[in-house]
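Biologist: Hey, I'm new to this one. Can you pull it up and walk me through it?

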Amino acid sequence: MRSVCRPALALVLAGALAGPVRAQPARPRLVVVVMVDQMRADYLEQYGAAWTGGLRRLMDHGAWLVDARIPYIETFTCPGHATAGTGTYPHIHGMVLNRWYDAARGAIIDCTDDPGVTPVVHGPAAPDGRHARAGESARNLLALTLADQMKAHLTPAPRVVSLSVKARAAIDLAGHKPDVVVWFDGQRWVSSTAFTLRPLPWVEAFVRAHPPGAEAPTWKRLRPAATYLNADDAPEERPPFGWGRIFPHPIAGKGATALERWVNSPFSDAYLLDLALAALSELKLGQGPSTDFLALGFSSTDYVGHTFGPRSHELQDVLARLDLTVGKLLAALDAQVGPGRYVLALASDHGTSDVPEQTAGHDGGRVPAADVRAGVVRALTAELGPGSHLAALVENDIYLSPPARNALAAKAGALDRVRAAIRALPGVADVLDGRELKNPAQAKDPVRHAAALSYFPGRSGDLIMVHRREWLFGDLASNHGSPYDYDQRVPLLFLGARFKPGRRPGPASPADIAPTLGALVGVQLPRAEGQVHQEILAAP
Ligand SMILES: [Zn+2]
């Protein structure tokens with residue numbers, strides 16, 4: 001009788017004939033997660049033809065999950081990075097918004113706020129001697145990240161490094177026990193006492209040698225103007241910090257404004273990459289006996305998308321430069337870790353809307369932030385009489401004062417009348433009752449299901465507004481935070497010897513990053529809602 005499969009004997013024979021054979025595939029030496037803040041999936045189709053660097057390499061040689069989508073409604077940075085970091089959605093990881101109303105403190109807090117820690121500053125002290133922000137940590141992140149699980153289960157323990165201009169991006173990707181988490185607080189590269197008690201010497205040396213904002217006095221186009229799509233000077237571009245609507249944009253100048261301009265330019269992305277290359281060299285990531293973890297959050301796309309919009313020359317220029325920046329990262333990984341010895345995932349936390357005034361002939365529009373607030377207050381006052389009924393309004397989330405909540409609950413039909421009044425405001429498609437969103441499995445309607453995935457009791461609002469398609473709340477040129485394609489569809493690409501290249505249709509989400517990369521390093525994410533994409537894994 002012939003045995004169909006004799007793996008043990010085959011291994012012994014192979015070992016005898018060809019030297020030592022590993023029964024298990026070699027673990028990658030480095031796991032890299034790259035998040036690009038506010039990157040719509042259609043940017044790759046619209047603008048990718050002009051790219052020649054790392055983004056192009058990912059599209060041509062990576063496993064590209066072309067239908068990837070964020071399935072929840074509150075498409076913002078903190079939830080998006082926490083989702084990529086943990087493989088769960090906000091109803092589990094708890095990072096529901098960038099900021100939410102904390103009833104116990106009676107204040108709106110940042111998702112990474114932690115009064116129990118203080119900033120650890122790298123480089124010279126801020127000119128005014130004060131920190132731009134309070135201490136920040138992963139205290140509010142209620143699920144473990146892939147990096148946490150690698151740290152807990154791999155031997156020897158990996159090094160975990162996470163870098164971004166934004167604290168919420170760096171911290172959400174790193175998790176609770178990283179070795180290095182560094183972000184820019186508006187003036188300085190910082191960490192906090194949650195992660196390190198002293199400045200990290202290599203970061204200190206890097207920022208002293210490379211003062212932020214000193215790379216270039218002016219942001220000019222990378223390529224000839226004629227190679228950019230659309231008009232440079234388009235309606236309702238809303239450039240910040242005294243910039244005009246057309247190139248070039250000055251960076252140089254003294255004080256905070258120059259740094260704000262720098263953060264809002266592609267130069268902060270390039271700087272972040274150089275800081276990552278310093279980490280690679282200094283810490284020899286991926287060159288030790290374990291599997292290390294490196295996360296990078298690039299933010300310029302978000303700043304520039306909000307102010308100039310997704311069709312602008314400025315956004316195209318940020319992407320063209322990011323293509324080169326990611327190319328530089330891949331070249332460094334090839335040289336220092338080795339091709340085939342690292343795995344990388346690239347995704348985004350959310351997309352963004354078009355600028356309504358630029359897409360003529362459709363039903364879009366905008367409602368200034370003050371008008372949204374006034375409309376909500378009017379609806380509450382009409383039902384409850386004068387008073388402070390609105391505790392806070394954060395993005396789509398309406399937080400009621402406890403007396404208002406009780407009064408609405410006590411009066412038959414009162415809450416429904418308030419919801420109807422808010423639903424009648426411009427740009428509002430629906431108003432959901434948070435109490436009906438506690439179980440995503442019970443929410444059959446797609447929008448309610450998406451809202452339930454975003455809902456966390458005590459952090460989400462009492463009422464959640466749903467935008468009408470292509471309608472914005474607030475004063476930015478373009479914004480996100482809706483359940484529509486332009487906010488939910490994002491790129492998702494994997495690169496490395498363990499991935500089969502090619503475009504793959506089918507359901508996918510940034511929540512799949514942690515479980516899929518985890519499978520390659522032998523680490524499970526017990527609460528993951530994302531899936532392991534077996535179909536893109538190559539045989540070892
Ligand atoms: Zn944004």
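Modeller: Sure. One term before the hairpin comes up: strands here are DSSP runs of E, at least two residues long, numbered from the N terminus. Two of them count as paired if DSSP finds at least two bridges between them. And keep in mind that this is a predicted model.

Biologist: Okay, so which hairpin did you mean, and how many residues are between the strands?

Modeller: The one made by β3 and β4, with 4 residues between the strands. In that hairpin G106 takes a positive phi near 60°. β3 (99-102) and β4 (residues 107-110) are antiparallel and share 4 bridges.

Biologist: Who does Y101 partner with in β4?

Modeller: Its bridge partner there is I108. Y101 turns up again at the domain contact, by the way.

Biologist: Let's go there then. How is the chain divided into domains?

Modeller: Domain 1 covers 33-351 + 489-536, and domain 2 covers 365-473. Their C-alpha centres are 31 Å apart. Domain 1 puts 23 residues into the contact and domain 2 puts in 22 residues.

Biologist: How much area do domain 1 and domain 2 bury between them?

Modeller: About 1,800 Å², with 63% of it on carbon and sulfur atoms. On the domain 1 side, I73, H91 and Y101 supply 35% of the area buried against domain 2, more than any other three residues.

Biologist: What about salt bridges and polar contacts between domain 1 and domain 2?

Modeller: The salt bridge count is 0. For polar contacts, there are 7 residue pairs across the interface.

Biologist: Which element gives the most to the side of domain 1 that touches domain 2?

Modeller: That's α5, with 4 residues. α5 (90-93) and β3 each supply at least two residues of that side.

Biologist: Switching topic: what's the strand order in the open sheet of 10 strands?

Modeller: It goes β5-β8-β7-β6-β11-β1-β12-β19-β2-β20, and the pairing is mixed. The edges are β5 (119-121) and β20 (502-504); each has a single partner strand, so one side of each has no neighbour in the sheet. From one strand to the next, the twist averages 20°.

Biologist: How many bridges join β5 to β8?

Modeller: There are 3, and the two strands run antiparallel. V121 has V190 in β8 as its bridge partner.

Biologist: Last one: which strands does helix α12 lie across?

Modeller: Helix α12 (residues 313-336) lies across β1, β11, β12 and β19. Against β12 (342-348), the helix runs at about 165°.

Conventions. Residues numbered from 1 in each chain as written. Predicted model: local features only at pLDDT ≥ 70, side-chain atom pairs only at ≥ 80, totals over all residues. Heavy atoms only, no water. Axes fitted to C-alpha atoms, helices over the stretch in contact; angles between N-to-C directions. Contact = heavy atoms within 4.5 Å. Domains from an automatic or database assignment. Buried area = accessible area lost by both parts, 1.4 Å probe. Salt bridge = Lys/Arg side-chain N within 4 Å of Asp/Glu carboxyl O. Polar contact = N/O pair within 3.5 Å; in protein donor to acceptor, adjacent residues only side chain to side chain.
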